[in-house]
Amino acid sequence: MPVTEKNGKYYPPEEFSKNAWIKSYEQYQEIYKRSVEDPEGFWAEVASEFFWYKKWDKVLSYNFDITKGKVFHEWFTGGKTNVCYNAIDRHLDTPLRNKAAIIWQGEPEEDTKILTYLTLHREVCRFANVLKKKGLKKGDRVSIYLPMVWQLPVVMLACARIGCPHSVVFGGFSAEALGHRVIESESKLLITIDQSLRNGRAFDLKVSADEAIKDAPACQSVIVVKRTGAPCPMTPGRDTWYEDEMKADDIADFCECEQMDAEDVLYLLYTSGSTGKPKGQVHTTAGYMIYTALTHKWIFDIQPETLFWCMADIGWVTGHSYIVYAPLVNGTTTFIYEGTPLWPKPDRAWELIDRYKINVCYTAPTAIRAMSRQGDEWPNKHPMSSLKLLGTVGEPINPEAWQWYHKNVGKGNCPIVDTWWQTETGGILITPLPGAWPTKPGAATFPFPGCVPRVADPGVDDETKRGAKLEAGKTGHLCIEKPWPGLSRTIYGDHDRWEQTYFSQYPGMYFTGDGCLVDADGYHFLQGRVDDVINISGHRISTAEVESALVLHKAVAEAAAAGMPDEIKGQGIYVFVTLKLGIEPSDALKKELIAHVRKEIGAIATPDKLQFAPALPKTRSGKIMRRILRKIAENKPEDLGDVSTLEDSAVIQNLVANRI
């Protein structure tokens, strides 16, 4: 049955809603009302479905008001559990024991691996025993510098099993960025690989790892996964091979789980900033596990047979939450692909969906636009009839990309969940529940149970109104009024920075840093970072709105907008445009595109400058690094901040060299 469109809303098929966890808006309202009026009762009921060594004494304690003392929130205090036990062991006495937990496809066709819950248990236990043999104990940090190989979730779960907080460092990071994270976390052990594979090329991660830990005295051991078998520098007494460690005679097939306090640290994950050092977000055991599992189950409508593909990299929070932890806690089969969706051919992703009969595909708008740029013929070669649901994550999706995804990938049959959340939030906060209500292209729709969002007045025109709830149709600052279990607890080693970053602007609320508009139907439209809102003569224009207008033009593949200084208007609009394949830039096309934006939005949104760009600066996970574009637009190329996550530094050089 197809998704049906009526007056700009897209309604799920009746059959989908009938079988969904949340079947109607009325059911959602009832659940949501309880979650915000009785959060302790609601979350206690959810938590009771998981395994506990000891039940909690108190569900929630918190203070969000920085003017009243230390900001904190604690969940399920007094309770003891273990995330690894919930993700693997509790499934072993059920029919899930022989179900595929992980299906891994390497970039080369012949490289595949299937781990059932039973075989995953053995692998995780053995590696947990390897860590213990190395002298690691509860509380010791472990850094992980691996690409998308099947060993990555194994070592993460092994760390969780024995209570060692892991710090996964994205495999595209530089040695310098890795070194900072290893040193700051005081990791005692680093897990890396000889080489990673990407787009047919091999990258020497072990060489970068060696450089990174030169000044990391706490890191005494390095375990190396053998991927390509290429010559690899190994330091005797410090470096050992993963495979050799796992085969050792003194490594047992079973390792007891550490009983973890609910608020014990599960992992650190560093986020980059435009200024200052990266922030080590601290996620703890019980709240994170419970929140990610529930969001995964309801938002992606996880059924017993679901094969789930989150196309993110595990090095980012999306991968932590929705490739590793939530799917396995829910007993799902999670699909992991080592490569990129456009190599060796532009239909790689669509071919994999058909081959493995994948049911849910979750990816970023940037990836969707990149794939759409290749042309409709690539997805149209593949029926993808196994797909039941599509998802987007990472940034606001422009309506044209949404429509392309709906038509060419979902074939008009799959609801789309446009999810909003952050590294800090642990899990999804604003999202459609796919069987419960219609969606609108570009709208994250409504808050997940337990999330109380407020579109706050930034007080630009009247400081006395700062923080007040804005009426429908007005863009403001998105804040969250109450805690939820998945929110990070602090920045590692710097709680003051955590308080100042998220709780000082609007005391009593978590400030997301994102702009948001709620329409007359109550649907939430995310507008990107608030510093991606351009103030032109007192008129606030969202960069996402300008970008959406540009990509409506038939010549445009991708666009990004940024504010630039203007002596008269305060700010002007500077846009970067990537054209579709085969279309050449010209002055005539530039004028046409500027006029197009003026026509789509109005004279106030007319771009002041338009720069054609062969590519936009992106992280390896596909997110546009917008703050870099802002610095270029402001003519401050010397002040780009942390660019360690950038996929291709030559992109910046080109943009700076051709700045208008």
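At what angle do the axes of helix α3 and helix α10 cross? In this predicted model, the axes of α3 (residues 39-47) and α10 (residues 285-299) cross at roughly 80° and come within 10 Å. Because angles of 65 to 115 degrees count as roughly perpendicular, α3 is described as roughly perpendicular to α10. On the α3 side, the contact is made by F42, W43, V46 and A47, and these meet I290, Y291, L294 and W298 of α10. The residues of this contact comprise eight nonpolar, no polar and no charged.

W43 appears again in the nonpolar interior. The largest nonpolar core holds 150 residues, and those touching the most other members are W43, F76, L120, F127, L157, F300 and Y325. For F127, once neighbours within four places in sequence are left aside, the contacts are V154, V155, A158, I191, I223, Y242 and M246. There is also a second, separate core of 31 residues, with C361, I368, L387 and Y405 among them.

Turning to the strands, an open sheet is formed by four of them in the order β25-β26-β28-β29, with antiparallel pairing. The edges are occupied by β25 (453-456) and β29 (524-529); each has a single partner strand, so one side of each is left without a neighbour in the sheet. Direction ignored, neighbouring strands here are turned by 45° against each other on average. Within this sheet, β26 (residues 476-480) pairs with β28 (residues 510-518) over four bridges in the antiparallel sense. One residue pair to look for in the structure is I480 and its bridge partner in β28, Y510.

Methods. Residues numbered from 1 in each chain as written. Predicted model: local features only at pLDDT ≥ 70, side-chain atom pairs only at ≥ 80, totals over all residues. Heavy atoms only, no water. Axes fitted to C-alpha atoms, helices over the stretch in contact; angles between N-to-C directions. Helix = DSSP H or I, 4+ residues; strand = E, 2+ residues; numbered from the N terminus. Parallel < 35°, antiparallel > 145°, perpendicular 65-115°, else oblique. Contact = heavy atoms within 4.5 Å. Nonpolar A, V, L, I, M, F, W, Y, C, P; charged D, E, K, R; others polar. Pairing = 2+ DSSP bridges. Core = buried A, V, L, I, M, F, W, Y, C linked by side-chain atoms within 4.5 Å. Buried < 20%, exposed > 50% of the residue type's maximum accessible area, 1.4 Å probe, protein only.
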